[in-house]
Every structure is written in C-alpha cells, then in structure tokens.
Amino acid sequence: MLFNSFIFIFIFYPVVLIGWFGLNNIKKYTLAKLFVVLMSLWFYSYTNYWYLILILSSMIGNYAISYLIQTIKSKNNGSDPLIKLTGAVGIIFNLALLFYFKYYNFFISNINAIFKTDYFLRNITLPLGISFFTFQQIGFLADRMRGKAEHYSIIDYMLFVSYFPQLVAGPIVKHGDMIPQFNDLSLKKINWENVARGMVIFTVGLSKKVLIADNLALIANYCFSNINDLDSLGAIVGMISYTFQIFFDFSGYCDMAMGLGKMMNIKILVNFDSPYKSRSVKEFWRRWHITLNKFFTEYVYIPLGGNRKGKIRAFINVMVIFFLSGLWHGANWTFVIWGVCHGICVAIQSLYDAKEAKSKVILFCKWLVTFLFVNFAWVLFASNNIKTALEYYKKIFSLSWNGSIMSVAYSTDSSILHVPLSLIKRINGDLVSATYIVYICILLGIAAFLCTKESAYSWSEKTKLGTGSLMGLSIIFVLSIISLSNVSPFLYSNF
Amino acid sequence: MEEKIYKNFFKKFIILSGTFLIIIAALVIIIDPFFHYHGPILGLKRIQTMKEYQVNGILLNTEYNAILAGSSVTANINTDILNERFGCNTVKTIASGAYTSTLWYYIEKAHNNQELDYVFYGLDIFALYSEVNRDSMQDQVLYLRDNNPINDIYYLWNIDVLLKHIPYMMAESYFHEYDEGMAYNFSQYATCGIDYALSNYKPEGEIHPMNDITNNSELLYANVELLEESIREHPETEYKFFFPVYSCLWWDRLYRAGEFEQYLWAMEYVYDVLGKYDNVEFYKGVFNDWDSVMNLNNYSDHTHASYDVNQLQAYSITTGEGLLDKERLLVEIDILRTMIYDFEDRLMRDGNWDFLFSEYAQ
C-alpha cells in the first residue's frame with residue numbers, strides 16, 4: 001500500500017488512528033500494539049500476499065536468534081564467543097535473505113559475464129523495502145551481541161520492525177528509538193497538537209510527492225528514455241528535473257512518515273534535512289538519508305576502525321561504506337559507481353578538512369560545486385546501466401542544439417495546463433510552445449525555491465496554525481487527493 | 001485551551017477539505033464528461049474525446065439508434081455522412097485493436113440499452129483472428145466499466161477530469177460548434193505523405209511461403225460465430241459491414257508473413273456466413289481502390305489513411321455503389337490480389353521503395 005493512495009488516506013490510516021487510541025484509551029495497551037502490527041502487515045502485503053510470508057519469516061527468524069542469545073546469556077552468564085556466533089548466524093541469515101531477493105540475479109549475471117557461463121537468472125520480484133527492514137534487524141542483532149539491546153516481547157519486536165510509517169522507505173530506525181515510545185504510557189492518549197501538526201506535515205509531504213515530484217518525473221522519465229533525441233539543454237533540464245524529483249519524492253515520503261508517526265505520538269527520526277543546501281559532499285551525507293549514513297557509520301565504519309587507524313585506513317573505510325551504500329541502493333553497477341564517486345569526495349574531504357570559509361563568494365562556490373556534483377552523480381542513479389549514463393553525459397557535454405527542449409516541454413502535458421493552453425491557442429497559437437517552456441521554468445523554479453526552505457517538520461513545529469494555513473493546507477491537500485488517480489510508487493521503496 | 005485550538009484546527013481541516021472534495025465530486029457527477037452516470041444535460045453535448053473512458057458510458061446512458069463499430073481505421077469516418085443518408089443518430093464504438101469480441105460486447109450492450117436500427121461495422125480481417133472473450137471489455141478503464149461504486153472515486157476525484165475534460169466538454173458544448181461526426185477522429189490532424197507512411201515501417205526481410213488458408217481457422221470461426229449470433233438475434237437491426245482500407249505497406253507485411261491469401265479467404269468466409277442473412281449487407285469501402293491503397297501520399301503511417309480516403313469508405317455505403325454480392329466480392333478480392341502481387345513483383349525487381357515516390361504517388 002502506498003501513502004499516496006485513496007485506500008491509505010481514507011480507510012487504512014483513520015482505522016489505525018481510531019484503533020490505536022481507542023484500545024489505548026481502554027488500557028488495552030498490548031492489544032493496541034498488536035492491532036498496529038496486524039495493520040502494518042496488511043499495509044505491507046496489500047499488493048502481494050507473498051510479502052507477508054517473507055516479512056514474517058524474517059521477523060520470526062531474527063526474534064528466534066535474539067531469544068537464543070538471551071538463553072545463552074542466562075545459562076552461561078554471558079559466554080561471549082557463543083553469543084557472537086549466534087548473532088553472526090543471525091546476521092548471515094539476514095544478508096542471505098537480502099542477497100537472494102536483491103542481488104542474486106546481479107551476482108549471476110556478473111559471473112556469466114566474467115566467466116562466460118550461462119547460469120540461469122531467476123524471476124525474482126524485489127520485495128518492497130526489504131533493505132530497510134533487513135538493516136533494521138541487522139542493527140538490532142548487532143546490538144544484542146554487544147549487549148546494547150534487551151530481548152523485547154514478540155509484539156514489541158514486530159511493531160519495531162513492521163511499523164508501517166517507516167516500513168517501506170525508512171528511516172532505518174533503532175530499537176532504542178522506537179520501542180520505548182511504543183510503551184510510554186504518557187504517549188497513549190490522543191494529543192490534538194500532535195494530530196494537527198502531524199496532519200500538516202503529512203499534507204506537505206503528500207503534496208511534495210504528487211504535485212511536484214510526480215510532475216518532475218514526467219520530464220526526467222522522458223529525458224532518460226529518449227537520450228538519442230536530446231541536445232545539451234534538453235539533457236541538462238532532464239538531469240536537473242531528476243535531481244529535484246528524487247529530492248521531493250524522498251523528502252515527501254519522509255515528511256509523510258514523520259507526520260503519520262506524530263499523529264500517533266510517535267516521533268520518527270529525521271532522515272532528511274535540506275540536503276541541497278550542503279556546501280560539501282560530506283555535509284550532503286549528513287543531510288541526505290541520515291539514518292542510512294548513521295547505520296553504516298555505527299555498524300561498519302567504526303568496527304572497521306573508523307579514523308582511529310591512520311589516514312589511509314580511514315580513506316579505505318570511507319570507501320567501503322560508500323561502496324556498500326551504493327550497492328544497498330540497488331543491484332546495479334550504476335549505483336555502485338554512484339556510491340564510489342560520493343565516497344571519493346567524502347574521503348578526500350575527510351583527509352583535508354578545510355576551515356569553514358567566511359567569504360560569501362567562497363561559500364557560494366562551495367555550494368555550487370557540491371550541487372553540480374550531486375546533480376551529475378544522480379545521472380548514474382537514474383540510468384538503467386553504465387552505457388546509458390555515459391550516453392547521457394555525452395549529450396550534456398556535446399554542446400549540441402536540436403530544439404529538443406520543446407519535446408521535453410511537451411512531455412509534461414499536465415492537466416493544469418489544459419485551460420490556459422486552450423485560451424492561449426485562441427489568442428496566438430505561436431505562444432503554445434512558449435507556455436510549455438514557461439511551465440517547466442515555473443516547476444523547476446518552485447522546486448529550487450522549496451529546496452532552500454527549512455524542512456516541513458521544523459516549519460510545522462513553529463508555524464501558527466491559523467486560518468491562512470488552514471485554507472492553504474486544505475487546498476494543497478485537495479489538489480493532492482485529486483492527483484492520486486495516477487498513483488506512482490516512491491523511488492526509495494525500490495531500494 | 002491549546003488542545004482545543006488544535007482540535008478545532010483538525011476538525012476545520014477535515015470539514016473544509018471534505019467540503020472541497022464533495023463539491024468536486026458533485027461537479028463531476030453533474031457534468032459527467034465520461035457519461036458514467038447520465039447522458040448530456042444542461043445543454044451539454046455528447047463530446048467524445050477518449051474512447052477508453054467513454055464508450056461504455058455512452059452506450060449505457062446516451063441516446064442513439066445506430067453504432068459505428070471498428071478499430072482506429074474506422075474511427076476516422078465522419079458519422080454525419082451516415083446520419084444524413086440513413087436518418088439515424090450514430091455513435092462510434094471504437095476499440096483499439098478492434099477485438100471482435102470487444103466490438104460484439106459493445107453491440108450487445110447497445111442492443112440492451114437502445115433500439116438499434118443500424119450497425120455499421122468496419123470489418124478488420126485481422127481482428128477475426130483475435131482471442132474470443134465474451135466478457136471482453138478490456139479496452140475500457142476498469143473503474144468505469146465495473147459495477148463497483150467504490151472505485152468511482154478514481155473518476156470523481158481526478159485532476160484530469162476536473163481540469164481537462166470538464167472544461168473541454170463545457171467549452172465545446174457552449175462556445176464551439178462541436179461536430180460529433182468527427183469524434184475520435186485523428187486523421188484531420190495527421191500529416192500524410194510517403195515519408196510519413198514509410199517512417200515507421202520495418203518490413204520483415206524474409207518472405208514466408210503462403211500459409212494454408214485455413215490456418216488458425218478455429219479463431220476465425222469463433223469470431224464470425226459471435227457476429228452471426230448478434231445478427232440472428234436482432235433481425236430488426238440492419239448490419240452494414242465494410243472492409244476497411246489499408247495501404248500497400250500493410251498488405252506487404254501480410255504478404256511477407258505468408259498471411260495474405262489466408263486473409264483474402266477469410267473475407268470470403270465471413271461473407272458466406274453472414275451474407276446469407278436478410279438484415280446484412282456487405283460493402284467494399286475502398287479496400288481495393290488503387291489510389292487509396294497504393295498512393296502513400298494518402299497515409300500518415302503504414303495503416304492509417306487520410307481524412308478524405310476515410311470518408312470514401314462511408315460514401316461506398318451511403319451511395320450503395322459499394323454493395324457486394326458474392327460474385328462481385330470475388331472479383332474485388334481478385335483486383336486486390338493482382339494489385340498486391342504486382343506491387344510485390346515490382347518491389348522484388350527494384351529492391352527499393354523508389355517507385356513509390358514516382359509512379360505510385362501520382
């Protein structure tokens with residue numbers, strides 16, 4: 001099920017809210033948690049019931065490992081090697097599951113390419129959000145091994161893993177951030193401020209996704225599917241459109257998740273903090289997909305030695321986590337190269353951390369270079385393979401002109417344009433093309449402007465909920481709702 | 001106190017948004033551009049723009065006494081020509097790909113809702129070899145063709161319907177002279193020419209030997225049986241079939257696939273089965289008219305002919321000049337056969353399309 005769907009907004013979530021607060025109100029706390037678990041499982045398996053088996057197996061398997069660790073601890077007074085072995089088996093179980101569903105075909109096709117073999121590929125559908133809930137559980141097992149996590153009740157554990165706002169596209173939350181909130185009695189009562197502000201955040205997130213990201217997607221999809229027809233300008237517009245599309249897609253999802261959690265008095269971690277304001281790639285990674293970065297830092301970078309073992313080891317460690325980060329995003333060399341490119345920038349920056357500049361010109365240049373780098377790197381992300389990405393880069397730097405910007409503009413074909421275009425056609429048919437171009441400029445302009453603003457979460461915390469915001473939010477909510485008829489999945493739910 | 005402010009904000013948000021959504025849904029129900037709930041009211045006209053969204057509603061909820069059924073090549077016929085001659089009110093029931101069972105389903109739906117005087121049917125021979133599915137309405141958008149009122153939400157709250165189809169319907173109804181005969185017609189906007197006709201045509205290199213004419217005949221029999229059933233059950237309705245026109249490139253594709261003779265035989269077969277009914281007439285259209293088939297300046301691609309050629313098909317019916325009996329059908333088929341074989345010989349001899357630009361494009 002998608003957040004941006006009628007069934008979620010009008011049936012699923014109202015039922016969850018009523019059930020959660022209703023059961024908590026009559027002090028059936030465990031039942032309330034069980035109810036949310038069951039609803040989350042419905043949410044996850046709505047489009048494919050096989051997903052239910054997968055996520056249940058994953059949760060039960062991990063919970064069993066946690067139980068085993070608990071048993072060993074109580075019997076052997078914490079025999080370290082056995083706990084580590086059990087935890088390691090659990091982590092391998094998670095990685096094996098992830099490998100099969102996400103990387104099996106990638107692995108086999110590389111084997112076939114290298115050794116000229118012809119092993120068959122399997123028809124495996126990538127389950128939604130498998131990377132997210134698998135990493136969450138790996139983090140949990142790692143904490144169990146290190147004695148940083150207790151053995152929770154099965155319902156608490158399942159709720160932690162399957163809690164629907166974070167299930168399909170993150171953030172990657174830690175047990176310690178979520179389970180205490182689920183059990184905090186002070187959070188069981190409806191809090192109207194949280195409901196109102198949560199709804200505001202959700203509405204802003206929904207509009208980011210359906211009003212901005214999905215419209216930018218029309219341009220980006222056209223450009224990445226018709227590379228041969230593009231000239232330099234068309235290719236640049238396509239690249240920038242994708243840059244903003246992925247921003248509003250992911251940031252819209254994160255806002256919605258936070259809003260949904262907030263309405264239930266559950267604080268979901270910030271995963272996204274105005275990343276395009278970054279003045280270095282390193283800063284970008286402190287603002288983009290924050291929880292993934294934290295996961296890799298805590299469970300990979302630091303255990304590998306972090307920056308404690310000299311500059312060369314630190315460089316290698318950074319490269320390792322960015323290689324893994326690229327691979328985490330998708331089973332394709334494009335993602336790996338994208339991760340490595342980011343890794344190189346971050347690693348070099350880590351080696352030569354300069355003092356913060358004060359000159360506005362230098363700050364602007366730093367921002368510009370970072371933004372351009374991120375833009376060019378997204379081309380890898382958006383391309384199906386390296387060859388396509390290279391062709392796209394070639395188009396950008398070809399300095400060619402064939403007027404393809406018009407085809408790019410026509411690809412938007414938004415219904416918002418229909419009435420203005422009809423009127424313009426009547427006045428002067430020659431202005432139709434110009435109208436499309438103006439529309440693209442407005443769309444990209446709005447996107448760029450909003451990127452510079454503070455996050456929806458911090459804005460909603462401060463804003464006064466008066467008549468103006470009521471009208472504005474209602475209008476964008478209604479516009480978003482009537483735009484749902486062409487639903488589109490979130491980009492990050494595929495990772 | 002603070003709690004109350006937020007509670008009120010939440011309530012007001014729900015009420016305000018709900019009101020907006022109810023107003024939008026009411027507007028869609030009243031204007032109903034896809035005729036899902038009712039025919040045109042308030043002086044609105046039967047504006048037809050998107051067949052996949054409208055055919056079902058039009059058949060169920062509007063008034064007509066004739067239908068024009070067929071594929072995209074039939075869509076370009078101006079129904080005014082038929083209405084004028086036969087004094088009828090024709091609606092187009094066009095299905096992409098023209099699956100016979102889809103068109104049969106439409107015809108039956110029309111019979112169930114209106115007294116049909118005429119069925120004009122563009123008989124695409126390739127469609128007589130399509131899969132038979134009696135519940136076939138795959139051409140129509142699900143939420144508009146099923147009986148589930150809940151999924152109407154996709155229609156009621158739809159930005160395209162609100163900002164595109166409703167304004168268009170109102171503008172065409174109140175401010176323009178809408179010509180319903182041109183519904184779904186795309187030939188009026190298409191640019192024709194040999195270059196356009198050839199641009200997306202990629203002939204198969206190898207020429208296959210001609211199939212046995214009875215190849216896949218079980219599909220042919222099943223599809224023709226569907227049409228026969230409709231004809232038999234509705235003797236009060238006149239069925240006027242015609243063979244749509246295709247370019248020499250379209251026939252070239254069939255020739256290379258070894259299906260040419262099989263299709264010509266299918267034309268005979270369908271006539272033999274359906275032509276014996278009193279309420280059935282067959283018209284040749286311009287399917288073998290030299291200029292309409294060979295002159296690619298009349299085509300916007302290898303399948304779709306110009307506006308003028310399309311109307312010639314309708315005139316073949318209205319003037320009665322194209323009326324076929326078995327003897328004439330065989331003669332006309334032979335004319336096409338000779339024309340296509342000559343074309344293939346020339347193509348083989350020359351090894352290129354150049355002659356299309358000179359001798360064939362006069």
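In this predicted model, chain A exposes about 21800 Å² (Shrake-Rupley method, 1.4 Å probe, with only the protein chains shown counting as cover for residues), of which carbon and sulfur atoms supply 67%. Buried residues, meaning those under 20% relative accessible area with a 1.4 Å probe and protein chains only, make up 55% of the 495 residues in chain A.

Chain A contains 21 helices and 0 strands, taken as DSSP runs (H or I of at least four residues for helices, E of at least two for strands) and numbered from the N terminus. Its radius of gyration, taken over C-alpha atoms, is 24 Å, close to the 23 Å of the globule rule (2.2 Å times the number of residues to the power 0.38), so chain A is as compact as a globular protein of that length. The C-alpha trace of chain A spans about 85 × 60 × 55 Å along its principal axes.

The largest nonpolar core, a set of buried Ala, Val, Leu, Ile, Met, Phe, Trp, Tyr and Cys residues joined through side-chain atoms within 4.5 Å, has 259 residues, and those with the most contacts inside it are A:Phe8, A:Phe164 and A:Tyr276. Helix H9 (residues 192–225) of chain A contributes the largest share of this core, 17 residues. Beyond its neighbours within four places in sequence, A:Tyr276 is in contact (heavy atoms within 4.5 Å) with residues including A:Phe244, A:Trp288, A:Trp367 and A:Cys451.

Residues are numbered from 1 along each chain as its sequence is written, and chains are lettered from A and ligands numbered from 1 in the order in which they are written. Local features need pLDDT of at least 70 and side-chain atom pairs count only at pLDDT 80 or more, whereas totals for chains, interfaces and linings use all residues, and side-chain values use heavy atoms, with hydrogens and water left out.

Definitions and conventions
Buried < 20%, exposed > 50% of the residue type's maximum accessible area, 1.4 Å probe, protein only.
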